[in-house]
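Work through the exercises below with the sequence and the model open. Try each task before reading its solution.

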Amino acid sequence: MSTKQYVTNIKNTVQSIWAGLTVTFSHLLRRPITVQYPDVSVKERLPERYRGLLEVDTDVCTLCQACERACPIACIAIEIEKDPANPKNRYMTRFDIDAAKCMYCGLCVEQCTTGAISHTREFEATSAAVDNLVLRYVDPLEPKLPYKVQKGVEAPRRPVGSIVRTRLPAWNARSPLGPAAEPSAAPKSDVEVKNP
């Protein structure tokens, strides 16, 4: 290697280091972009078409189960039973949405003809236990009858987000078992060791 090529290599190295440092130093003089979450209202900054937690207004659900069939990851579970006295009458005993599995694609919302299921602007779904992220919209002890669609009349849906907000405090509750009640089993090995 010649002396001229050696000096050129050093010059190129110094120039590339200086180019990188100018970018770094320029960021030192700028205001930070990071938003401190609790201090700033994030809901006001959400995009107009933001898809937050799903909610269901069971008062306008027709029990068609189109949302359950449309869900590609099966996070919606609906159970419908027939009235033993009159088999033509059906009622819903379960409508669960597993928010831990939901990918917020919106396919279930598109399928709903009455607007019973919709995305809210709620996004705070932290929980102490993953089991609490299953939103239960129907109490099995109080089954829901299907909504009868009337021609030319829009379904009387409650304001979007009002149902989920009432359920959010339960998500922060502890697991029904609690950490003390959970079994402390030793991890099992995939390979069994046989004694001779």
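**Exercise 1. Locate serine 118 in this predicted model, decide whether serine 118 is buried or exposed, and find its side-chain partner.**

Solution.
- Step 1: place the residue. Serine 118 sits in strand 4, which covers residues 117-119.
- Step 2: check its cover. The relative accessible area of serine 118 is 10%. The cut-off for buried is under 20%, so serine 118 is buried.
- Step 3: look for a polar partner. The side chain of serine 118 makes a polar contact with the side chain of arginine 157, at 2.9 Å.
- Step 4: list the surroundings. Neighbours within four places in sequence are set aside; serine 118 then contacts Leu53, Leu54, Glu55, Val109, Arg157 and Val160.

**Exercise 2. Do the same for aspartate 96: which strand holds it, and which side chain makes a polar contact with its side chain?**

Solution.
- Step 1: aspartate 96 belongs to strand 3, residues 90-98.
- Step 2: its relative accessibility is 5%, so aspartate 96 counts as buried.
- Step 3: the partner is arginine 136. The two side chains make a polar contact at 2.8 Å.
- Step 4: aspartate 96 also has contacts beyond its neighbours within four places in sequence. Among them are Cys75, Ile76 and Ala77, as well as Val134, Leu135 and Tyr137.

**Exercise 3. How many salt bridges does a search of the whole structure find? Trace the network that includes Asp57 and Lys144.**

Solution.
- Step 1: take the total. The search finds 8 salt bridges.
- Step 2: start at aspartate 57. This residue pairs with arginine 158, and the closest N and O atoms are 3.2 Å apart. Aspartate 57 is in the loop between strand 1 and helix 2, while arginine 158 is in the loop between strand 5 (134-136) and helix 4 (162-171). The pair links distant parts of the chain, 101 residues apart.
- Step 3: compare the cover of the two. Aspartate 57 is buried because its relative accessibility is 1%. Arginine 158, at 38%, counts as partly exposed.
- Step 4: go to lysine 144. Its salt bridge is with aspartate 59, again with closest N and O atoms 3.2 Å apart. Lysine 144 lies in the loop between strand 5 and helix 4, and aspartate 59 in the loop between strand 1 and helix 2, so the pair ties together parts 85 residues apart in sequence.
- Step 5: check the cover here too. Lysine 144 is partly exposed at 26%. Aspartate 59 is partly exposed at 40%.
- Step 6: take a pair in strands. Arginine 94 forms a salt bridge with glutamate 79, the closest N and O atoms being 3.1 Å apart. Arginine 94 is in strand 3 and glutamate 79 in strand 2, 15 residues apart. Arginine 94 is partly exposed at 30%, and glutamate 79 is partly exposed at 37%.
- Step 7: join the network. Salt bridges that share partners connect Asp57, Asp59, Lys144 and Arg158.

**Exercise 4. Which residues make the nonpolar surface patch, and is leucine 28 buried or exposed?**

Solution.
- Step 1: the patch is made by Ile17, Trp18, Leu21, Phe25, Leu28 and Leu29. Its area is about 710 Å².
- Step 2: leucine 28 lies in helix 1.
- Step 3: leucine 28 has 61% relative accessibility, so it counts as exposed.

**Exercise 5. Examine three loop residues: arginine 45, glutamine 65 and alanine 74.**

Solution.
- Step 1: arginine 45 is in the loop between helix 1 (3-28) and strand 1 (54-56). With 56% relative accessibility, arginine 45 counts as exposed. Apart from neighbours within four places in sequence, arginine 45 contacts Val35 and Val40.
- Step 2: recall the backbone rule. Most residues other than glycine have a negative phi.
- Step 3: apply it to glutamine 65. Its phi is positive, about 65°, although glutamine 65 is not a glycine. Glutamine 65 is in the loop between strand 1 and helix 2 (66-70), and is partly exposed at 23%.
- Step 4: apply it to alanine 74. Here too phi is positive, about 55°. Alanine 74 is in the loop between helix 2 and strand 2 (76-82).

**Exercise 6. Summarise the whole chain: how many helices and strands does the protein chain have?**

Solution.
- Step 1: the count is 5 helices and 5 strands. From the N terminus, the order is α-β-α-β-β-α-β-β-α-α.
- Step 2: of the 196 residues, 28% are buried.
- Step 3: take contacts between residues at least 6 apart in sequence. Of these, 77% join residues at least 24 apart.
- Step 4: the accessible surface is about 14,600 Å², and 56% of that belongs to carbon and sulfur atoms.

Key. Residues are numbered from 1 along each chain as its sequence is written. This is a predicted model: local features need pLDDT of at least 70, side-chain atom pairs count only at pLDDT 80 or more; totals for chains, interfaces and linings use all residues. Side-chain values use heavy atoms; hydrogens and water are left out. Helices (H or I, at least four residues) and strands (E, at least two) are DSSP runs, numbered from the N terminus. Buried means under 20% relative accessible area, exposed over 50%, partly exposed in between (1.4 Å probe, protein chains only). Contact means heavy atoms within 4.5 Å. A polar contact is a pair of N or O atoms within 3.5 Å; within protein, one must be able to donate a hydrogen and the other to accept it, and residues adjacent in sequence count only if both atoms are side-chain atoms. Patches are made of residues with over 30% relative accessible area and no salt bridge: like charges are joined within 9 Å, nonpolar side chains (Val, Leu, Ile, Met, Phe, Trp, Tyr) within 5 Å. Accessible areas come from the Shrake-Rupley method with a 1.4 Å probe; for residues, only the protein chains shown count as cover. A salt bridge is a side-chain nitrogen of Lys or Arg within 4 Å of a carboxyl oxygen of Asp or Glu.
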